[in-house]
Amino acid sequence: MAAWHGSERTLAHGPAEGRIADRLAALALTADDPSYGGDGWVDVYGDGVVEELERRVATLLGMEAAAFFPTGTMAQQIALRCWAGRTGVPVVAVHPLAHLEVHERDAYLTVSGLRAVRPTSEPRPPTAEEVRDLDEPFGTLALELPLRDAGFVLPSWEELVAVVEAARERDAVVHFDGARLWECTAHFGRELPEIAALADSVYVSFYKSLDGISGAALAGPESLVAEARAWRHRYGGQLFQQWPAALAALAGLDRELPRLPSYVAHARVVAEALRKTFTAAGAGWSRVHPEVPHTHQFQVWLPYPAAVLDEAGVRLAEETRTTLFRRWQEPGPPGLAMTEVTVASPALEWTAEDVTAAVDAFLARVRELMRRDG
């Protein structure tokens, strides 16, 4: 953490790398801006600045209403529970790599008693044919946009429209896990309201792309959001005061949201430079996935142990004050590691040549560590 925090050059600042004092100072600057109502009263159980954030999100997405939630997991669970009650079908069509399946500890199964069917197990979004051909009824189709654990991948706009139409043919509602929906506009060539209009409900996050502190919103019809607010209280999500998270989210909507298309465009420059440099350096089985990123995030795979790559990255940060990659993991065969790359505001200063130089310096440290370990 110290090495990353001390870097002068990085592709993005990690959400956990800031010091508390720095974050408080930034929040104070936000509160001093009259447009955020910092001289008003703190919220109590979600009024005031939280209500302003909810109105703002509903407008941005073109939805009737939105409700603030402390976590996206809670927002999604409640959305699925509400839809199951309304459709009368406690079955959710969901990808096995979706956040609902991988990162929420089977909450929709164990807390709400729902059940899953899976249109596909391929590491990509489901197709219309796969949704249409499911051999049992389902009440909700849950689509994660982008599908993070498959490489932050998205369907084409035409494919997304077809998948939604296929779900409608099956008398199902559509819920978007849009934690990262904010950065999907460039890939789809559509604005947020047109994308969100395909779904019956949408969840968005305030910290994954917008540099918020925490929190999420569930947007949809007024009647659904009202029901979700009731379940939010039952789930323990009606917090006494949430103004710090709401203020940070409002600032993120103003500061980061307009920049996201430029991050997506530059991610393609960074990804191409990475791919070419790995090939020129003889890095073996290396991959940038997808080769042309769909959002400002993508995967990098290298044929070295994760522990070696972690140490090389820290050494690079300590010795050159440049952070290229952060933590690596081995989700596949041993010795083949993957990391997620995020391209944000600091990366806009990087040229393709800068990326090449950083990769060469990183790989030199990797090879040194591999020689040391035999």
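**Exercise 1. Describe the seven-stranded sheet: its strand order, its edges and its twist.**

Solution. Step 1: an open sheet is formed by 7 strands in the order β2-β8-β7-β6-β5-β3-β4, with mixed pairing. Two strands pair if DSSP finds at least two bridges between them. Strands are DSSP runs of E with at least two residues, helices are runs of H or I with at least four residues, and both are numbered from the N terminus. The structure is a predicted model, in which local features need pLDDT of at least 70 and side-chain atom pairs count only at pLDDT 80 or more, while totals for chains, interfaces and linings use all residues. Residues are numbered from 1 along each chain as its sequence is written, and side-chain values use heavy atoms, with hydrogens and water left out.

Step 2: the edge strands are β2 (65-69) and β4 (115-117), each of which pairs on one side only.

Step 3: on average, neighbouring strands of this sheet are turned by 25° against each other, direction ignored. Axes are lines fitted to C-alpha atoms, for helices over the stretch in contact, and angles run from 0 to 180 degrees between N-to-C directions.

Step 4: β4 is joined to strand β3 (residues 91-93) by 3 bridges, and the two run parallel. The bridge partner of V92 in β4 is A116.

**Exercise 2. Determine why strand β7 is largely enclosed, and which strands it pairs with.**

Solution. Step 1: 5 of the 5 residues of β7 (residues 201-205) are buried, so the strand is largely enclosed by the rest of the structure. Buried means under 20% relative accessible area, exposed over 50%, and partly exposed in between (1.4 Å probe, protein chains only).

Step 2: S201, Y203 and S205 point one way from β7, V202 and V204 point the other way, and all are buried.

Step 3: strand β6 (residues 173-178) is joined to β7 by 4 bridges, and these strands run parallel. Here F176 has V202 of β7 as its bridge partner.

Step 4: β7 and strand β8 (residues 216-220) run antiparallel and are joined by 4 bridges. In this pair V204 stands opposite A217 of β8.

**Exercise 3. Follow the chain from β5 to β6 and state the handedness of the crossover.**

Solution. Step 1: 6 of the 6 residues of β6 are buried, so this strand is largely enclosed by the rest of the structure.

Step 2: strand β5 (residues 140-144) runs parallel to β6, and 5 bridges join them. L141 has V174 in β6 as its bridge partner.

Step 3: the chain passes from β5 through helix α8 (residues 157-169) to β6, and this β-α-β crossover is right-handed. A crossover is right-handed if, with the strands pointing away from the viewer, the path from the first strand over the helix to the second runs clockwise.

**Exercise 4. Describe the three-stranded sheet and the helix that packs on it.**

Solution. Step 1: 3 strands form an open sheet in the order β9-β10-β12, with antiparallel pairing.

Step 2: β9 (287-289) and β12 (337-342) stand at the edges with a single partner strand each, so one side of each is left without a neighbour in the sheet. From one strand to the next, the twist averages 25°.

Step 3: strand β10 (residues 297-302) pairs with β12 in the antiparallel sense over 6 bridges, and Q299 stands opposite E340 in β12.

Step 4: helix α13 (residues 260-280) packs on the sheet, touching β9 and β10, and its direction makes about 10° with that of β10. Contact means heavy atoms within 4.5 Å.

**Exercise 5. Characterise the packing of α3 and α12, and the place of Q242.**

Solution. Step 1: helix α3 (residues 49-61) and helix α12 (residues 243-255) pack at an angle of about 35°, their axes being 9 Å apart.

Step 2: the crossing of α3 and α12 is left-handed, a term used if the near helix is turned anticlockwise from the far one by less than a right angle, and right-handed if clockwise.

Step 3: Q242 lies in the loop between α11 (222-234) and α12. Its relative accessibility is 7%, so Q242 counts as buried.

Step 4: leaving aside neighbours within four places in sequence, Q242 is in contact with D43, G46, V50, F68, P70 and G237. V50 is also among the residues of α3 that meet α12.
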